[in-house]
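This report walks through the fold element by element, with the sequence and the model to be read side by side. Please keep both in view while following the residue names.

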Amino acid sequence: MTSETITADAAGTWKLGDLTVNRLGFGAMRLTGSAAFHLGTSSDRERSLDVLRTAVELGVNHIDTAAFYFSALRSANELINSALAPYGDDLVIVTKVGPYRDYSGEWGTSARPDQLRGHVEENLRQLGRDHLDVVNLRRLDQTSVAEHFGALAELREAGLVRHLGISGIEPRHLAEAQAIAPVVCVQNRYALDRPDSEGDELVRLCGESGIAFVPFFAVAGSGGAYGAADTHDDAVVAVARAHGVSPAQVRIAWSLHQGAHVLAIPGTGNPEHVVDNVAAGGLRLTDDELTRIGALHRP
């Protein structure tokens, strides 16, 4: 497989409401530094801008970001604005609200429902837009999402937000949100080597309802916000060698094979890795390969 010849449309498309996106997208978390948030060293600005432009040139039209994606010197939203504005008509930018970081980068208390408008408006300012394509409510410790999701539904009615999603949820929260307003995506942590029966149930429920399921840390796995681990299971390495690709590309391909409604948003601060990540959308795994590496996902 030659990465340079493969663009994001090789993964197929899905609709977030009325917005069509290629299933292979881009996560902006790692644009700001060697690790997410304040955990690493800040990135080189021009290199991060190059990452974004390369992704879009390769057909990526789904970018996931948040106002709280920033390091000591870099803001993911500012980088997106600088690299890509004026935005193409087909570019869909998905943000998330709920968590909060202060100016020093420390995590604060999760937003109350009445504070979510401020979170939405901050994303609007940073991105230079008059509306947000999709906003995910990121659940933290709330038992119910009804009040928070209801507040976002009001902002949708006011025209500040076009579509709504939810993140970090359990299956019951999906039904709770759907009773309030349409849900176009669910974004949860979900990875090949992370057994997750609740996540499997959400993948199934989303598929039945025509809702996109968007896993995060699908490549990083246990590394999470610190970035992808350097070691991989032997089965993943063997499949990667058979296809002449990297283990990270196999992990992305596995995610996409979980259903036509599953979208991938691998993130990186390296332009070369963007090319490889996009190319993973064209990797087709056999049933035998999926069975072998899928054993890592089963408890």
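## The hairpin of β1 and β2

In the predicted model, the bridge partner of T13 in β2 is N22, and in the same strand V21 is the bridge partner of W14. These pairs belong to the antiparallel pairing of strand β1, residues 13-16, with strand β2, residues 19-22, which extends over 4 bridges. The hairpin has 2 residues between its strands, and G17 takes a positive phi near 65° there.

## The parallel sheet

Strands of a sheet pair through backbone hydrogen bonds, and the pairing may be either parallel or antiparallel. An open sheet is formed by 7 strands with parallel pairing, and their order is β3-β4-β5-β6-β7-β8-β9. The edges are taken by β3 (26-27) and β9 (212-216), each of which has a single partner strand, so that one side of each is left without a neighbour in the sheet.

Within this sheet, strand β4 (residues 62-64) pairs with strand β5 (residues 92-97) in the parallel sense over 3 bridges, and I63 stands opposite I93 in β5.

## K96, a buried lysine in β5

Strand β5 also holds K96, and the question for the bench reader is whether this lysine is buried or exposed. K96 has a relative accessible area of 1%, and since buried means under 20%, it counts as buried.

What does the side chain of K96 make a polar contact with? The partner is the side chain of D64, at 2.8 Å, while the backbone oxygen of T65 lies 3.3 Å from a polar atom of the K96 side chain. Leaving aside neighbours within four places in sequence, K96 is in contact with D64, T65, A66, F68 and Y69, and also with N123, N136, R138 and Q187.

## Helix α6 over β8 and β9

Helix α6, residues 197-209, lies across β8 (185-189) and β9, and it runs at about 150° to β9. With 13 residues at 1.5 Å a residue, α6 should span 18 Å, and the distance of 19 Å between its end C-alpha atoms agrees with this. Seen down the axis of α6, the buried residues fall within an arc of 105°, so they line one face of the helix; these residues are G199, L202, V203 and C206.

The buried residues of α6 pack against α5 (171-178), β8 and β9, whereas the face turned away from the buried side carries S197 and E208, which are exposed. Just after α6, G210 takes a positive phi of about 70°.

## Helices α5 and α4

In α5, the buried residues are H173, L174 and A177, and they cover an arc of only 105° around the axis, which puts them on the same side of α5. These buried residues pack against α4, β7 (161-167), β8 and α6, so α5 and α6 appear in each other's packing lists, because the buried residues of α6 pack against α5 as well.

Helix α4, residues 146-157, contains G150, which counts as buried at 18% relative accessibility. Leaving aside its neighbours within four places in sequence, G150 is in contact with V145 and I180. G150 and G199 are 49 residues apart along the chain, and their C-alpha atoms are separated by 24 Å.

## Helix α9 and the β3 edge

Which residues of helix α9 (residues 271-279) are buried? They are P271, V274, V275, N277, V278 and A279, and they pack against β3, α1 (45-57) and α8 (247-256). The strand β3 in this list is one of the edge strands of the sheet, with a single partner strand.

At the start of α9, a side-chain oxygen of N270 reaches to within 2.8 Å of the backbone nitrogen of E272.

How values were computed. Residues numbered from 1 in each chain as written. Predicted model: local features only at pLDDT ≥ 70, side-chain atom pairs only at ≥ 80, totals over all residues. Heavy atoms only, no water. Pairing = 2+ DSSP bridges. Contact = heavy atoms within 4.5 Å. Axes fitted to C-alpha atoms, helices over the stretch in contact; angles between N-to-C directions. Buried < 20%, exposed > 50% of the residue type's maximum accessible area, 1.4 Å probe, protein only. Polar contact = N/O pair within 3.5 Å; in protein donor to acceptor, adjacent residues only side chain to side chain. Expected span 1.5 Å × (residues − 1). Arc of directions from axis to C-beta.
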